[in-house]
Amino acid sequence: MTDDASETYQLRLYVAGQTVKSVTALANLKRLCEDHLAGHYSIEVIDLTQNPQLAAGDQILALPTLVRRIPQPLKKVIGDLSNTERVLVGLDIRPVKGEA
Amino acid sequence: MNAYATRPELNGPQLPKTPTGIPGFDEITLGGLPRGRPTLLCGAAGCGKTLFAMTFLIEGATGFDEPGVFMSFEEAAPDLAANVASLGYDVPDLVERKKLAIDHVRIERSEIEEAGDYDLEGLFVRLGYAIDQIGAKRVVLDTIESLFSGLANEGVLRAELRRLFAWLKNKGVTAIITAERGEGQLTRHGLEEYVSDCVVLLDNRVQEQIVTRRLRVVKYRGSAHGTNEYPFLIDNHGINVLPITSAGLSYDVSQEPVPTGVSGLDAMLSTGGYFRGSSVLISGGAGTGKTIFSATFADSVCQRGERCLYFAFEESPHQIVRNVRSVGIDLQRHLDRELLHFEAARPSFYGFEMHLTRMNRLLDQFRPQAVVIDPISAFRGPSPEIHAALLRMVDMLKTRGITAVFTTLAPSEDRLMTYADRAVSSLMDTWISLHHIESNGERNRGLYVLKSRGMNNSNQIREYTLADDGVHLREMYLGPSGMLTGSARVAQEAQERAQAYQRDQQTARRRRELERKRRAMERQIAEMQAELDAEEAELHALDEQERENERSREDARAEMAASRGAVK
């Protein structure tokens, strides 16, 4: 459980099709959110092969990209999110007690 | 714009090419960039890479119906549009009509965390989407190297770039990838390793405080291309490359004379003027009236309704117009009718190459029949460069059949030629030398035709004066100590006038004398006539008397007879 549970994290994961990296990234993200943000997050997966016009809006270049839209400011994490520590740093999430 | 698109003299199968629409560049590359392949455009900051790339897209969209995608890694779309708006390109309109798509890729390292394996598929998706949206045939990536500062994993980046260029080729789009010039290699991040079909290098060099932009096609796989460094120009008309290498000696020549504007000078040249399309050098010291001769020529050209382009390198157009008005030449009316065009610039403002490029473009735009370059001696710099530049200038004018008058400042004291003169003398068809003649404590102006190819020219030195109504060549007087000029000539003229006056006087006197004599004679005749008349009258009177006497005597006799009583 996070220390400030008041805020809900709105996360967007940009992927391109069902590649290995996409699937890994989504799985990693879900696990990470359950561990650290249970009940305080929403995940939106955007497949750019279906909606290529959405890539420019969030300045997507590398895939997969995770975008933290809320809380502000905007944060981006790229990669398959296998490095949990770096994802937490990137999303500015303090790990729950006992795990750090 | 697409005049250079094809070169008919090229034989054999040629690599398909995409014209850039940049004047001169398509000529150097014999048609443009390799169609459907990426081209690397490298150069240091401020070389004009972005403008080159943008021109390529806009010309493609407007001139060749090939829509283009501009993917900018540096400038945002509004900035790009604003930058080229001054060149008359309406980017928002092209975007509106789906002829152009601009995608600004912004990458901020500070807001990106890398956590695990990734690729640049997002870039591919964006580019692919933009290409498909407008059916793009041309793509620009400016400057993709920015990614190196935005992403930490260089290994992934390099692999992805390699994939990107292959993908572009696969898409069949003609692409320009711009890159920063690097130390020891063409580009900072070695992009030439991936883009190897065509590499163009832009350069911005300062030599003797003068900047010249140059362009070189470093490589062009599968095609011949001009290998030299070509000067190019960026100004308010966009990019212009000057492709002068092959100016051969094969231009047509004309027999048609072009009057010089000075009637006496026309007479000195047996043809009645310069040949059309010839190059004329007017050399002279300070204050010999070189500009006035040029202006007179320009005036006569415009009076015939032809166009004249006047390159002024030392005076402003207004100054020239004002100054030559003092000798009765009104250039303003030609300016008003747009037959005359002044192009004034300090020689040091650009390099030679830049001057040539500007000149080349102006000649194409204004299409003059005559050109004045006043003066060429204003060009300073390494002599071989001056010579090369002048050679090109003369070639440029001759191939167009333009009559050109060059002026040059020559030291008046000794008539030694300056280097520029020597270098240029062999290029000139006609050379008119103006100089000061010093004698009797004054300086006067004299001219002679030093050479004039293809015509019989006078070998006389003629004095000329710059009067209120233009240039006048004077009759030459030869005195015991040589040529008479100035006041000596005036004195000679005065003396001749005095002699003539004296002769007139003498004649008049003799005429008066004769008249008097005749009158005297007539009077004598009248007197004698009167004498004769008097004598005649006297004789007549005597006669009368005699007859009277006779009658008296007869009467007396009759009376006596009567008194004697004699009766008949």
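## Chain B overall

Chain B of this predicted model holds 15 helices and 25 strands. Its length is 568 residues, and 40% of them are buried. Consider the contacts in chain B with a separation of 6 or more: 70% of them come from residues 24 or more positions apart.

## The nine-stranded sheet of chain B

Chain B carries an open sheet of 9 strands. The order is 17-16-18-19-15-20-21-22-23, and the pairing is mixed. Strand 17 (340–344) and strand 23 (470–473) of chain B are the edge strands, each pairing on one side only. From one strand to the next, the twist averages 25°.

One pairing at the strand 17 edge can be followed by residue. Strand 16 (residues 308–312) of chain B runs parallel to strand 17 of chain B, and 5 bridges join them. Within this pair, Phe311(B) stands opposite Glu343(B) of strand 17.

## Helix 2 of chain B

Helix 2 of chain B covers residues 49–63, 15 residues in total. From its first C-alpha to its last it reaches 20 Å. That is close to the 21 Å expected at 1.5 Å a residue.

Is this helix mostly covered or mostly open? Mostly covered: 12 of the 15 residues in helix 2 of chain B are buried. The buried set includes the run from Phe52(B), Ala53(B) and Met54(B) through Thr55(B), Phe56(B), Leu57(B) and Ile58(B). Charged side chains appear in the buried set too, among them Lys49(B) and Glu59(B). After helix 2 of chain B comes Asp65(B), with a positive phi near 55°.

## A sheet shared by two chains

A second open sheet has 5 strands and draws on both chains. Its order is 2(A)-1(A)-3(A)-4(A)-6(B), again with mixed pairing. The edge strands are strand 2 (41–47) of chain A and strand 6 (112–114) of chain B; each pairs on one side only. Here the twist averages 20° from one strand to the next.

Inside the chain A part, strand 1 (residues 9–15) and strand 3 (residues 65–70) pair in the antiparallel sense over 5 bridges. Tyr14(A) stands opposite Thr65(A) in strand 3 of chain A. Where the chains meet, strand 4 of chain A and strand 6 of chain B run parallel, joined by 3 bridges. There, Ile78(A) stands opposite Glu114(B) in strand 6 of chain B.

Helix 2 (residues 84–91) of chain A lies across this region. Strand 3 and strand 4 (75–78) of chain A are beneath its path, together with strand 6 of chain B. Relative to strand 4 of chain A, this helix runs at about 160°.

## The interface between A and B

How many residues of each chain are in contact with the other? On the chain B side there are 22, and on the chain A side 29.

Which elements of chain B give two or more residues to the side that touches chain A? They are strand 6 and helix 5 (121–134) of chain B. Helix 5 of chain B gives the most, with 7 residues. By class, the side of chain B that touches chain A has 10 nonpolar, 3 polar and 9 charged residues. Strand 6 of chain B thus appears twice in the picture: as an edge strand of the shared sheet and as a contributor to the side that touches chain A.

Note on methods: Residues numbered from 1 in each chain as written. Chains lettered and ligands numbered in written order. Predicted model: local features only at pLDDT ≥ 70, side-chain atom pairs only at ≥ 80, totals over all residues. Pairing = 2+ DSSP bridges. Helix = DSSP H or I, 4+ residues; strand = E, 2+ residues; numbered from the N terminus. Axes fitted to C-alpha atoms, helices over the stretch in contact; angles between N-to-C directions. Contact = placed C-beta atoms within 7 Å. Expected span 1.5 Å × (residues − 1). Buried ≥ 20, exposed ≤ 12 C-beta atoms within 10 Å, placed from the backbone.
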